[in-house]
Amino acid sequence: MTGPAEFELMELTGVYALGAVDDAQRADIERSLDEAPAAVAQAFHDEVRAYRETLALISAGTAVEPPPELRERILAAATAGPASRRNWRAALLAAAAVLVVGLGVLSTVLAVRPPATPTAARVFEASDVRTTTAPIPTGGVATFVYSRDTNAGVLVMNNVTPPPAGSVYQMWLLDGGTPRSAGTMGTAAVRPSTTAVLTDLGRTNALAFTLEPGQGSVQPTGQIFAQLPLT
């Protein structure tokens with residue numbers, strides 16, 4: 001039987017899966033997992049993996065615009081009150097409830113979602129999977145779900161404005177040395193929901209984006225306009 005503490009822990013799977021917790025909160029949740037029964041910890045990790053896989057695959061198919069007030073409600077719930085253990089957990093539970101309501105409108109997409117590639121599936125199933133998100137200045141959001149153990153990640157871009165004709169968005173893996181190209185996206189490739197599988201992450205500490213002429217460049221020539229940090 002799952003007790004109250006385990007039930008509360010399971011309710012945090014959504015915000016944990018989306019990376020909507022800071023380092024201290026993540027550490028607290030992971031300590032609770034270490035103390036929880038093995039079956040509860042396994043169920044937690046299974047649900048987190050399902051959240052991430054579902055969100056990434058939904059984004060690869062039909063995007064559904066969330067209610068305009070959803071972001072404000074989540075932020076208000078997640079930041080309300082003092083930062084005590086009891087209060088931040090209550091706030092996250094409220095945020096998780098808002099998140100479930102917001103994602104409920106996407107449930108009909110699950111029956112027609114495209115299959116994951118083998119690499120993407122390994123990323124979603126990895127025990128060290130992480131998520132990082134950043135806004136794109138021209139509009140939209142980029143999210144990268146990645147795994148160091150798998151040495152790969154899945155990029156999801158929602159509502160990003162396509163690059164101007166005759167240019168491409170180019171992705172770069174940054175590790176403190178020479179930037180490594182991770183591919184390009186032209187005007188036709190950038191849709192309301194766009195996904196890409198990136199491999200060979202190595203010691204990358206950030207995924208960056210530039211606007212490049214033609215079919216791309218050997219090294220960045222444009223200014224980095226968005227950057228997703230990787231831990």
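The exercises below, each with a worked solution, concern a predicted model of a protein chain.

**Exercise 1. Describe the protein chain as a whole: state how many helices and strands it has, and what share of its residues count as buried.**

Solution. Begin with the secondary structure, where the protein chain shows 7 helices and 8 strands. Turn next to burial: the chain has 231 residues, and 39% of them count as buried. For the surface, the accessible area comes to about 11900 Å², and carbon and sulfur atoms account for 58% of it. Finally, consider the contacts between residues at least 6 apart in sequence, of which 62% join residues at least 24 apart.

**Exercise 2. Find the stretches over which pLDDT stays under 50, and set beside them the mean pLDDT of the chain.**

Solution. Start with the mean pLDDT of the protein chain, which is 75, while 65% of the residues reach 70 or more. One stretch in which pLDDT stays under 50 is residues 60-64, and for these the model has 7 contacts beyond four places in sequence. Another such stretch is residues 97-115, for which the model has 22 contacts beyond four places in sequence.

**Exercise 3. Work out the order of the strands in the open sheet of 4 strands, and identify the helix that packs on the sheet.**

Solution. The order of the strands is β1-β2-β3-β6, and their pairing is antiparallel. At the edges stand β1 (130-135) and β6 (193-199), each of which pairs on one side only. On average, neighbouring strands of this sheet are turned by 15° against each other, direction ignored. Now look at one pair in detail: strand β3 (residues 152-158) is joined to β6 by 7 bridges, and the two run antiparallel. Across from Val156 stands Thr195, which is in β6. The helix that packs on the sheet is α7 (residues 118-125), which touches β2 (141-147), β3 and β6, and whose direction makes about 95° with that of β3.

**Exercise 4. Decide whether Gln170 is buried or exposed, and describe its surroundings.**

Solution. First locate the residue: Gln170 belongs to strand β4, which covers residues 167-174. Its relative accessible area is 2%, and since buried means under 20%, Gln170 is buried. Leaving aside neighbours within four places in sequence, the residues in contact with Gln170 include Ser181, Gly183, Thr184, Phe209 and Ser217. The last of these, Ser217, deserves a further step, for its backbone nitrogen lies 2.8 Å from a polar atom of the side chain of Gln170.

Conventions. Residues numbered from 1 in each chain as written. Predicted model: local features only at pLDDT ≥ 70, side-chain atom pairs only at ≥ 80, totals over all residues. Heavy atoms only, no water. Buried < 20%, exposed > 50% of the residue type's maximum accessible area, 1.4 Å probe, protein only. Contact = heavy atoms within 4.5 Å. Areas by Shrake-Rupley, 256 points an atom, 1.4 Å probe, with all protein chains shown as cover. Polar contact = N/O pair within 3.5 Å; in protein donor to acceptor, adjacent residues only side chain to side chain. pLDDT = per-residue confidence, 0-100. Pairing = 2+ DSSP bridges. Axes fitted to C-alpha atoms, helices over the stretch in contact; angles between N-to-C directions.
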